[in-house]
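Work through the exercises below with the sequence and coordinates open. Each task is followed by a stepwise solution.

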Amino acid sequence: MYNILPFISYSLILILFSFSSLQASKHHLEEEAEQEEVFLQPKQKRSHPNELAPFFKPEKENTRHGEEEILEFVDRSVLLHLTPIFPENGIMRAGAMINNKPIPSNQAMPSRSTIHFSWNQFSNYSTLDSQFLQRPYCIIERLGAVQDQLYGGNPYDVMVVGDWILSKDSSIIVPSSQYDEIKQNNPRFKGKLITYNDELAFHEKVDQISAILQDRQAPREQKFSKIKAIIDGPQAKEQRLQTLAQLVESPCSGQSNRHTIEALARPHGAAEAYNKINQAIAILNDPQISKEQKYLELKALFVSPQAEEERNQTIFNLIDSPFSLLTIKYILNFSESAMLKANEAMKLIYKVPEVKLIGHPLHPSRWKIRFSYTENFSDLTNTGEIFSQDAKELLKPFFHNKYWGIHSDAPLGIVDTLLNYLNRPFVFMCSENDAYKVLAPHSLSLEEMEKSYVLFQYYYPQLLDRQDYFTEKMRPTLMRQHAELEGWLNLIKKELMLRREGYSIYKDVLLCEKFIRHRHEEDLIAQLCEENKERMKYIKLEEQEYEKKLKALKEEKPEPILHRIVAATTYENFLKMKSELEGRLYIEKETLELIKNLFKVSESWGIIG
């Protein structure tokens, strides 16, 4: 238990001032809450044939255990998108990425017609992705805001069709070193910019404090005032108060908000910070005290005159002690990233409860969920009727089509997968890595490219046949893509013919861009092929003596396209595809055996059909 005796000695003036600040913070939070309560209202009916039922609140007498929490959870739900590309003026562009990288050329084939999000938390894939790839931005958007363009997917891969203009309720997490530039260059973005302490800004502060400490001419008091200005800026007190109010209102436990508490505590020095972190967590987790009292006790820990004196003493200790970069870094608390800050924003600003999605290892479309609040805990993992089925029904009104839960079963998802796959040689060719440029013609085997092309010709007409099932906001994207694709498909068909003869469009970067520019002119493409045979010739992969380059290619070896498509579809759909493509699509016995085993495992989970 934490000790509250030190707080009793504070003066009546401080308590009155604290309570008035709390009322102001509460008023601010209530205003935010009023804006949020729009997504549980009945939705406007759509005119398309596959119309979904409007969202509803169940009558009290019909409410089962846990359903009220689920309704609130859905109301607070958000979509997350980690990206290396800042959405200019708040506009997210569909197909702006290929193979987890920004499109390397303005000549690029459209990589997909969708933008992909995860729902209420980051997938393991996103988490790993952010460690190895530069993803300095994270976009947070409310689930309800994008309803007219939501198509389907699964909790880790929600599809939004077409470009998306971020709403006023959205947030973009940005590095603090880029905040001023982004703010100035994106005046039409309507949402919030939330900064995190990125490496550049962090090292700038470390360098500034280091220079101050090592200045032998400067008096002690001058060093103190300069360092305090860096650690405690003019808005520091107001920001701390806002953070405390958000912590109290957060639906998550004290432990879950530890990262935020640590950032508040570290300027007090290592020994004092440890005690303050534990006390703050205990205060937040105590069900016996009111929110107002929690706020006052947290304020005594972090925003009181005593807390101010503790921070001042930490700075004086820094000045008087032997120079230590480690101590400076500890006080400044560099342990942030776009993903960490987004997690904090979900708990403190969007108030999304702690959530754990548990998916099938082979079928992420079939999932269960566990979420908790500060004062109660709902474990729905053992009540399959509630969340395996009912949650899907609760979420269904947000989605345009039936494909919530099965991504690749939707023609749109398969077409996007195929476009990404067929883009691999182009991505390799445009890479800054010379090894990848040389290996561009080999980045997809001839067999894999032929399979992808056949599957594309099979699924794309199905997608076009379903135009009437898409909302008005979705259709322009698909029609624009259709116009752009005709030339690309001609080019890929030509590439398949050339590959059999030992040539490739992707052998030479400049030549490839010529082909791309003239992709709708078949006669000119034939002429370019005839005139540039030597530039397009390549040696078979096994004859090359590029061990390092071969290693790079092996590391990027894609999963077979058939595995990608069948892994998330039903067995019946796979058999239908197989029979309809008989004679056009050769499927090896090994692949058939693997697929059969895959569906056997799925059947044991009760997934087939």
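The exercises cover confidence, the nonpolar cores, one helix and the ring contacts.

The model is predicted, so local features are taken only at pLDDT of at least 70 and side-chain atom pairs only at pLDDT 80 or more, while totals for chains, interfaces and linings use all residues. Residues are numbered from 1 along each chain as its sequence is written, and side-chain values use heavy atoms, with hydrogens and water left out.

**Exercise 1. Confidence**

Task: Find where confidence is lowest and where it is highest among the helices named here, and which stretches stay under 50.

Solution.
1. pLDDT is the predictor's confidence in each residue, from 0 to 100. The protein averages 76, and 71% of the residues score at least 70.
2. Helices (H or I, at least four residues) and strands (E, at least two) are DSSP runs, numbered from the N terminus. Confidence is lowest in helix α1 (residues 5-8), with a mean of 36, and highest in helix α5 (residues 179-185), at 96.
3. Residues 373-391 stay under 50, and the model has 41 contacts for them beyond four places in sequence; a contact means heavy atoms within 4.5 Å. Residues 603-609 are also below 50, with 13 contacts beyond near neighbours in sequence.
4. Where pLDDT is low, the predicted coordinates should not be read in detail.

**Exercise 2. The nonpolar cores**

Task: Determine how many residues the largest nonpolar core has and which element gives the most to it.

Solution.
1. A nonpolar core is a set of buried Ala, Val, Leu, Ile, Met, Phe, Trp, Tyr and Cys residues joined through side-chain atoms within 4.5 Å. Buried means under 20% relative accessible area, exposed over 50%, and partly exposed in between (1.4 Å probe, protein chains only).
2. The largest core has 38 residues, and those with the most contacts inside it include Leu418, Phe456 and Met577.
3. Elements giving two or more residues to this core include β8 (157-161), α16 (411-422), α19 (446-465) and α20 (475-500). The most comes from α19, with ten residues.
4. Beyond four places in sequence, Leu418 touches Ser452, Leu455, Phe456, Tyr459, Ile561 and Ile565.
5. A second, separate core has 23 residues, among them Phe73 and Trp119.

**Exercise 3. Two residues of α19**

Task: Describe the surroundings of Lys451 and Ser452.

Solution.
1. Lys451 is in helix α19, and its relative accessibility of 9% makes it buried.
2. The side chains of Lys451 and Glu588 share a polar contact of 3.0 Å. Such a contact is a pair of N or O atoms within 3.5 Å; within protein, one must be able to donate a hydrogen and the other to accept it, and residues adjacent in sequence count only if both atoms are side-chain atoms.
3. Ser452, also in helix α19, is buried at 0% relative accessible area. Leaving aside neighbours within four places, Ser452 contacts Leu418, Tyr421, Leu422 and Ile561.

**Exercise 4. Aromatic rings**

Task: Classify the pair formed by the rings of Phe426 and Trp488.

Solution.
1. Rings of Phe, Tyr and Trp (its six-membered ring) pair if their centres lie within 6.5 Å; planes under 30 degrees apart count as stacked, over 60 as edge-to-face and the rest as tilted. The whole structure holds five aromatic pairs.
2. The centres of Phe426 and Trp488 are 6.1 Å apart with planes at 85°, so the pair is edge-to-face.
3. Phe426 lies in helix α17 (residues 424-429) and Trp488 in helix α20, so the pair ties together parts 62 residues apart in sequence. Both residues, Phe426 and Trp488, are buried.
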